[in-house]
Amino acid sequence: MILIKNVRLVDALGEQGPTDVLLGEGRILSLEGGDAHKVVDGTGCFLAPGFLDLHAHLREPGEEVKEDLASGLLAAVRGGYTDVVSMPNTKPPVDTPEAVRALRGKAIALGLARLHPAAALTLGQEGKHPAPAGLLKEAGAALLTDDGRTNEDAGVLALGLLQAAPLGLPVAVHAEDASLRRGGVMNDGMLADRLGLPGNPPEAEAARIARDLEVLRYALRRGQAKPHLHVQHLSTKRGLELIREAKRQGLPVTAEATPHHLTLTEEALRDFDPLFKVAPPLRTKEDQEALLEGLLDGTLDAIATDHAPHTQAEKEMDLLRAPFGIPSLEVAFPLLYTELHLKRGFPLPRLVALFTDGPRRVLGLKPLHLEVGAEASLVLLSPKERPVDPRAFASKARFSPWAGWVLGGWPVLTLVEGRVVHEALE
């Protein structure tokens, strides 16, 4: 039994407390205290449901030098995540039932965050032939995606949606028109022109979202079951407008935004620092403000990290050659708690919902709220501030665009079904 005393409760339904929370048998046993062998002083802290990340690159199999399940899932629990969806663009791609089962088995043995592997939408992620959706679902795949690549063939995407629909599997897309993106390494615009860098235009995202929504309409009309399209790492105002209108029309589409697109803009690239090179690229302040509005009005369903670790040597290459991506599992919540909630008054229950209920609904899972009988997959968060120190990351990627930023809201206790998987109590 664990007793967390004098703690505030925060979930998607609101805030309450302070109260004393008794945990045991993997559940919340009481919100009125009780006897326990372990007592935690939660004064000043708040307790929330465990976070779920819809979009993390854990690099296993094939690129374990960048990250592996052990380091990635440890980073996850240190960031307050009890559940993680791993992307399938590994080497080789996760496109077989055997690969899905192998990942799940290893993650269970590690006993950290629960892994929900995403499987490739197409064989080899080549965009030509759909992977065996039914067998992948049976093996434990949580969604299908060719993330890391764009789905250029609309017919193949349509077939993927049709095959996934009766299985209840979402199909997630990296919505970007490759022919418009070309070799862009930052947002296309006046700043890219001044810096002499190839730009990735916002129209590349909007054009592909518009096409994919039409493919979704086709699959919805032709299929026996309702398909589910999920748009990853939305980065532009225009893309957001397209999603908002599609939702108004009742299309079964969901979307996510990332911590980096919510806290950084293209201005970060003025010094040609590849640390800020991500895909899709950091956009304008106008785009960022639109995303924030989308979080508030429900157009965006979830905040997902797009945790993308690389070696230090790779990220220290010049801007044109360095790979896209940054690690963020360990800082995502403190970053947005500080930058959105503390500095801008973003409602805390809504922020927590975007890390919990929102992503759970995308996967078809029940919401997790703080009530007697609920699963004790929880995170205790401290408002005490400290600077981001990438050297202390559990992730193998020990660099961060937020290095030195002073943040509050750090996870100090993470539990999965009542098991302590991370503890940093003082």
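Eight aromatic pairs are counted in this predicted model. One of them joins Phe46 and Tyr337, whose ring centres are 5.6 Å apart. Their planes meet at 35°, and the pair is therefore classed as tilted, since an angle under 30 degrees would count as stacked and one over 60 as edge-to-face. This contact links distant parts of the chain, as Phe46 belongs to strand 5 (residues 46–49) and Tyr337 to helix 12 (residues 332–344), 291 residues apart. Phe46 is buried, with a relative accessible area of 1%. Tyr337 is buried as well, its relative accessible area being 6%.

A second pair is formed by Phe333 and Phe355, with ring centres 5.2 Å apart. Here the planes stand at 75°, so the arrangement is edge-to-face. Phe333 lies in helix 12 and Phe355 in helix 13 (residues 348–355); the pair again links distant parts of the chain, with the two positions 22 residues apart in numbering. Both Phe333 and Phe355 are buried.

The two pairs are set out below.

| Pair | Centre distance | Plane angle | Class |
|---|---|---|---|
| Phe46 and Tyr337 | 5.6 Å | 35° | tilted |
| Phe333 and Phe355 | 5.2 Å | 75° | edge-to-face |

The four residues of these pairs belong to one aromatic cluster, made up of Phe46, Phe51, Tyr81, Phe333, Tyr337 and Phe355.

Aromatic rings also meet charged side chains. The charged end of Arg386 is placed over the ring of Trp410, 3.6 Å from the ring's centre. Lys277 lies over the face of Phe324, and its distance from the ring centre is 4.5 Å.

Terms used. Residues numbered from 1 in each chain as written. Predicted model: local features only at pLDDT ≥ 70, side-chain atom pairs only at ≥ 80, totals over all residues. Heavy atoms only, no water. Phe/Tyr/Trp six-rings, centres within 6.5 Å; stacked < 30°, edge-to-face > 60°. Helix = DSSP H or I, 4+ residues; strand = E, 2+ residues; numbered from the N terminus. Buried < 20%, exposed > 50% of the residue type's maximum accessible area, 1.4 Å probe, protein only. Lys NZ or Arg CZ within 6 Å of the ring centre and 35° of its normal.
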